[in-house]
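Here's a chain to poke at. Let's go through it in questions and answers.

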Amino acid sequence: MKFPHNSNRVEDFSDGVFAFAATLMAVLIDMDETMVSLAYNGSVFITFGVSFFVLAALWWLHYNYFRRTKYMDNGILALNCILFFVILYYVFPLKSLVNSLQGKEIISLEALASLFQLYSLGFVLIFLCLALMYFRAYKKTRDAEQGLELYFYARHFGIYVLVAISSILLAKFQVGIHYGVPGIIYAILGPLCYLHGVYFNKKYKSAIE
């Protein structure tokens, strides 16, 4: 007997994973730091702050997915599990990357290139999961207006994946690694997503209206 999937249970589990990831970030603060030294150590605060707000942004993206669709099947469940596996692992390279950019951890160019690749690989997997979740929900949605919205976000997060792959290639061949080019390239996400939005609205204007 096949039972219908319950998206509320998935959301509850997801919130628990995000809470666990936030706990991991707090635990990752150096245990030998006293509260007094932490008060004067701005780099620790910055590292935790960046990591926390990245995690909060990912939670917001995941939250919006379940606001846009309640469709759930085994494929989306699998993608959701992969997504959270990557998010939990994602905390570690992100902390090291922020520390290295602050000069707290002195590493070689080769190690920095590897760190950028690891960070971007996590970025690829996270947004690939989101894009595929949206695309699968789009394929299963019968409502034309809702389906169009889901299709838009599948393409939207596909852009994130392509930019992250570009960052991996730049880091692998150490292109502009001295200046952090593999990280700076993420700045083009804004213009690319804007142009995609304009193109999508123009192409599907009649369907949206």
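Buried means under 20% relative accessible area, exposed means over 50%, and partly exposed is in between, with a 1.4 Å probe and protein chains only. This is a predicted model, where local features need pLDDT of at least 70, side-chain atom pairs count only at pLDDT 80 or more, and totals for chains, interfaces and linings use all residues. Residues are numbered from 1 along each chain as its sequence is written, and side-chain values use heavy atoms, with hydrogens and water left out.

Q: Does Val175 count as buried, partly exposed or exposed, and why?
A: Val175 sits in the loop between H6 and helix H7 (181-184). Helices are DSSP runs of H or I with at least four residues, numbered from the N terminus. The relative accessibility of Val175 is 40%, so this residue counts as partly exposed.

Q: What do the end C-alpha atoms of helix H6 (residues 144-172) have for a distance, and why does that agree with the expected span?
A: The expected span is 1.5 Å times one less than the number of residues. H6 has 29 residues, so at 1.5 Å a residue it should span 42 Å. The end C-alpha atoms agree, being apart by 42 Å.

Q: Which residue caps the N-terminal end of H6?
A: Look for a side-chain oxygen 3.3 Å from the backbone nitrogen of Glu145. That oxygen belongs to Asp143.

Q: How many helices does the chain have?
A: The elements run α-α-α-α-α-α-α-α-α from the N terminus on. Strands number zero, and the helices number nine.

How values were computed:
Helices (H or I, at least four residues) and strands (E, at least two) are DSSP runs, numbered from the N terminus. A polar contact is a pair of N or O atoms within 3.5 Å; within protein, one must be able to donate a hydrogen and the other to accept it, and residues adjacent in sequence count only if both atoms are side-chain atoms.
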